[in-house]
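Here is a short walk through a fold, to be read with the viewer open. Turn the model as you go and follow the residues by number.

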Amino acid sequence: MSLGHAAPAEDPAKDTSSAASKPAPSNCDRSKFRTILDVGHTAKSPGAASSRNIDEFEFNLRLAKRIAEKLKADGFSETTVLVTEGKAKPSLMKRVAAANKANPDLFLSIHHDSVPDGFLEDWEFEGKPRHFSDKFSGYSVFVSEQNPHYKASLMFAKMLGNQMAARDQQFARQYDQMFMGKYQRLLLDIDAGVYRYDELIVLRKTQMPAVLLEAGSIINRDEELVMDSQEYRDLVSMAVSSAVTEFCDARTAQPRVAQPQLPASPRSARKR
């Protein structure tokens, strides 16, 4: 993503005793639970540039593929990696349309963070001028209250954030600060690092529970190296798989209710 309180007293995602190891036994049928992993941005609109001038899209694609491998290895065989083409807003509408047509149980958009231009500093890497900002770091999770499955989206977002925190990851604290200006967001869960971001098209226009994960800041010189490591991709993949397992379990107990169909207009009725 170029850019972009307290948890309940008893939150099952807060039990960190075994969160960093293998997932607990689940009641859900993993083979039938469908997850779409949306690769943020496109080759033509690659999102943010890292401190070493690597496109965010490359980071997103590598991480999404690794998460898919982990989910499938853990029994979620209906996991799909969604890659779209084109530029900016048209590509956003394409991915939303594709997701809504597929009608999965969960939509997770994968991104890596940057900072507003005003925070950028200059440096030189491999003999070329680059930009960086080491002020901020950490993952963050976003949901939109305009999503028709907002409560379920928030539930999964907290599960995912708590799984990241259980693996000793810190969330990005800057988004609820006034100095972020138009990028300031409401912090919904200070333990899980979940923010509300209503304007994100992939969250508000998708017709299933939808969450966006910023895996970390690639404009931060040290964190970029971490983001580029197989070890970190493995860590995030384990966190996502554990959260999806929890979410699938919870949704099995409370099956998703189909969205009501709008009545046909009088004109449509006359055409039948």
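Let's start in a loop: Phe-76 sits in the stretch between α1 and β2 (79–82). Keep in mind that this is a predicted model. Is Phe-76 buried or exposed? With a relative accessible area of 0%, Phe-76 is buried, because anything under 20% falls in that class. Its surroundings come from several parts of the chain: leaving aside neighbours within four places in sequence, Phe-76 is in contact with Cys-28, Arg-30, Phe-33, Leu-71, Ser-241, Val-244, Thr-245 and Cys-248. Take Arg-30 from that list: 46 residues separate Arg-30 and Phe-76 in sequence, yet their C-alpha atoms are 4.8 Å apart.

Val-244 is a handy stepping stone to the next residue, Phe-156. Not counting neighbours within four places in sequence, Phe-156 makes contact with Leu-106, Leu-108, Val-211, Ala-243, Val-244 and Phe-247. What makes Phe-156 stand out in the largest nonpolar core? That core has 67 residues, and Phe-156, together with Leu-108 and Val-236, touches the most other members. The element that gives the most to this core is helix α6 (residues 230–253), which supplies nine residues.

Now for the strands. β9 (residues 210–217) is mostly covered, with eight of its eight residues buried. Strand β3 (residues 106–113) runs parallel to β9, and the two pair over six bridges; to find the register, look for Phe-107 opposite Ala-210 in β9. Strand β6 (residues 140–143) also pairs with β9, but in the antiparallel sense and over three bridges. There, Ser-140 has Glu-214 of β9 as its bridge partner. As you look along these strands, remember that side chains in a regular strand alternate between the two faces of the sheet.

Elsewhere there is a hairpin to look at. Strand β4 (residues 121–125) and strand β5 (residues 128–132) pair in the antiparallel sense over five bridges, with Glu-124 standing opposite Pro-129 in β5. Two residues lie between the strands, and one residue in the turn, Glu-126, has a positive phi of about 50°.

Back to the helices, and to a polar residue out of reach of the probe. Asn-60 belongs to helix α1 (residues 56–73), and its relative accessible area of 0% makes it buried. What does the side chain of Asn-60 reach? It comes to 2.9 Å from the backbone oxygen of Gly-40. Beyond its neighbours within four places in sequence, Asn-60 is in contact with Val-39, Gly-40, His-41, Ile-110, His-111 and His-112.

Glu-223, in helix α5 (residues 221–227), makes a good companion case. Glu-223 is buried but has no salt bridge, and the nearest side chain of opposite charge, Arg-52, is 11 Å away. Since a salt bridge calls for a nitrogen and a carboxyl oxygen within 4 Å, which backbone atom lies by the side chain of Glu-223 instead? The backbone nitrogen of Gly-138 does, at 2.9 Å from a polar atom of that side chain. Setting aside residues up to four places away in sequence, Glu-223 touches Ser-137, Gly-138, Gly-216 and Ser-217.

Charged pairs do meet in other places: the structure holds 14 salt bridges. Arg-66 is a good one to click on. Its side chain meets that of Glu-69 in a salt bridge at 3.4 Å, N to O; Glu-69 and Arg-66 are three residues apart in helix α1, so about one helical turn separates them. Glu-69 itself is partly exposed, at 49% relative accessible area. The side chain of Arg-66 also meets that of Asp-234 in a salt bridge, here at 2.6 Å, N to O. This second pair links distant parts of the chain, since Asp-234 is in helix α6 and Arg-66 in helix α1, 168 residues apart. Asp-234 is partly exposed, with a relative accessible area of 24%.

One more pair rounds off the tour. Asp-198 and Arg-196 meet through their side chains in a salt bridge of 2.7 Å, N to O. Asp-198 counts as buried at 11% relative accessibility, whereas Arg-196 is partly exposed at 26%. Finally, look for Glu-58, Arg-62 and Asp-228, which are joined into one network by salt bridges that share partners.

Methods
Residues numbered from 1 in each chain as written. Predicted model: local features only at pLDDT ≥ 70, side-chain atom pairs only at ≥ 80, totals over all residues. Heavy atoms only, no water. Buried < 20%, exposed > 50% of the residue type's maximum accessible area, 1.4 Å probe, protein only. Helix = DSSP H or I, 4+ residues; strand = E, 2+ residues; numbered from the N terminus. Pairing = 2+ DSSP bridges. Core = buried A, V, L, I, M, F, W, Y, C linked by side-chain atoms within 4.5 Å. Contact = heavy atoms within 4.5 Å. Polar contact = N/O pair within 3.5 Å; in protein donor to acceptor, adjacent residues only side chain to side chain. Lys, Arg positive; Asp, Glu negative; His and termini not counted.
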